[in-house]
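Here are my notes on the model you sent, set out as numbered points for reading alongside the coordinates.

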Amino acid sequence: MPPAIETTDLVKEYGDLRALQELSLTVEEGEFFGLLGPNGAGKTTFINTLVGLARKTGGEARVFGHDVEAEYQEARNAIGLAPQEFNVDRFFPIREVLMHKAGYHGIPEDEAAERADEVLKRVGIYDKRNERFDWLSGGMKRRLLLARALVTDPDLLILDEPTAGVDVQLRHDLWELVTELNEEGTTVLLTTHYIEEAERLCDRVAIMNEGQKVTVATPDDLKTRGTDTITVRLESSPAVAPDLGEYAHETTLEDGHLEVRVDDGGSTAPQLLHDLEADGYEIADLEISRTSLEEIFVDLTRSEDRTVTRSGASETDEPTEDETDDGAAREQEGIA
Ligand SMILES: Nc1ncnc2c1ncn2[C@@H]1O[C@H](COP(=O)(O)OP(=O)(O)OP(=O)(O)O)[C@@H](O)[C@H]1O
């Protein structure tokens with residue numbers, strides 16, 4: 001089986017703005033894959049090129065082996081997308097919205113009705129089936145987007161910030177549901193700003209910045225890339241920080257607390273204690289803290305200039321041909 005997603009040197013330009021810069025990424029079938037990056041990193045653009053809402057400028061993109069443009073229908077039929085924005089037809093009861101979506105993907109009416117009921121039950125808003133989208137609460141709208149993504153029984157579920165602005169209960173419900181779907185074999189691509197979410201759910205994460213891939217790793221591997229801090233409380237505070245071995249990348253002393261930054265706190269602490277005692281210091285207390293994934297993420301995506309790289313000099317607010325197309329396609333996506 002080919003990978004669920006495979007892109008090679010994928011480029012997307014909006015006029016002179018390079019939103020994706022030679023992005024090569026592979027998501028294996030069955031993976032729960034996270035896409036992380038600061039605002040404007042290109043996450044939604046990446047998704048849009050996969051689902052046909054944005055036309056790529058260069059490179060290749062395949063979904064289960066199908067070229068996303070040359071074999072659009074095959075690629076698109078494999079994907080269920082829960083987008084960031086609420087792009088749902090507001091004039092129909094939500095059950096009909098789901099049936100239209102299924103019909104658009106070639107599912108016969110009877111089966112579409114069955115599937116609509118099934119997914120509404122699964123996301124917990126079956127009792128709202130005859131209401132219009134506008135009448136749902138924010139959390140219910142998120143559930144509906146997920147239901148719409150699931151109504152075609154996709155092999156690849158793409159969730160673009162599914163828990164943005166939802167309450168804790170719903171966030172946990174959604175986590176449980178997508179974990180279940182992944183365990184049943186659905187490949188999941190998730191973009192999120194919540195590092196905890198990625199850490200909890202994803203087998204691997206890609207960190208993107210300014211349209212480029214910074215790294216791909218498991219959350220555990222990423223965490224080992226940070227440094228640890230050993231904080232030692234000394235019985236009597238010296239005037240200056242002691243001179244330690246090469247293992248100490250940085251040593252600071254404040255109010256009798258010595259903070260030493262090291263690669264691996266667990267294995268360095270005995271050496272540090274030994275060195276301090278040898279120098280006559282009395283130790284009252286010791287604590288090791290590990291860099292959080294969030295700090296590592298901030299480090300990896302730190303940028304002096306947060307603006308996205310522009311390939312040309314001119315800056316214009318005129319919509320490009322692509323943007324106009326994207327708008328039309330988005331509308332279609334909403335209705336379909
Ligand atoms: N249709 C468009 N026309 C012009 N520029 C666009 C368009 N869509 C996205 N961009 C630009 O491309 C860059 C990447 O945007 P994108 O929405 O992909 O980022 P993101 O990582 O999803 O951000 P966020 O986390 O804020 O959702 C941004 O600079 C954005 O302004």
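1. The unreviewed UniProt entry carries the annotation "domain: ABC transporter", which covers residues 5-235. Please bear in mind that the model is predicted. Over residues 5-235 the chain is 36% helix and 29% strand, and the C-alpha atoms at the two ends lie 57 Å apart.

2. The largest nonpolar core comprises 69 residues, and those with the most contacts inside it are Leu50, Val63, Leu98, Ala147, Val188 and Leu189. Helix α5, which spans residues 138-150, gives the most to this core, contributing six residues. A second core, separate from that one, has seven residues, among them Leu258, Val260, Val262 and Leu272.

3. Leu50 deserves a closer look, as it is listed among the residues with the most contacts inside the largest core. When its neighbours within four places in sequence are left aside, Leu50 is in contact with Ile5, Ala61, Val63, Val68 and Ile79, and of these partners Val63 is itself named among the residues with the most contacts in that core.

4. Helix α3 (residues 94-104) and helix α4 (residues 109-123) have axes that come within 8 Å and cross at roughly 130°. Because angles over 145 degrees would count as roughly antiparallel and those from 65 to 115 as roughly perpendicular, α3 is described as oblique to α4. The crossing in which α3 passes α4 is right-handed.

5. On the α3 side, the contact between these helices is made by Arg95, Leu98, Met99, Ala102 and Gly103, while α4 supplies Glu109, Ala112, Ala113, Arg115, Ala116, Val119 and Leu120. Leu98 therefore links this point to the second one, since Leu98 also appears among the residues with the most contacts inside the largest nonpolar core.

Technical notes
Residues are numbered from 1 along each chain as its sequence is written. This is a predicted model: local features need pLDDT of at least 70, side-chain atom pairs count only at pLDDT 80 or more; totals for chains, interfaces and linings use all residues. A residue is buried if 20 or more other C-beta atoms lie within 10 Å of its own, exposed if 12 or fewer, and partly exposed in between; C-beta atoms are placed from the backbone. Helices (H or I, at least four residues) and strands (E, at least two) are DSSP runs, numbered from the N terminus. Two residues are in contact if their C-beta atoms, placed from the backbone, lie within 7 Å. UniProt positions are given in the numbering used here, feature names are shortened, and annotations may be inferred rather than shown by experiment. Axes are lines fitted to C-alpha atoms, for helices over the stretch in contact, and angles run from 0 to 180 degrees between N-to-C directions. Angles under 35 degrees count as roughly parallel, over 145 as roughly antiparallel, 65 to 115 as roughly perpendicular and the rest as oblique. A crossing is left-handed if the near helix is turned anticlockwise from the far one by less than a right angle, and right-handed if clockwise.
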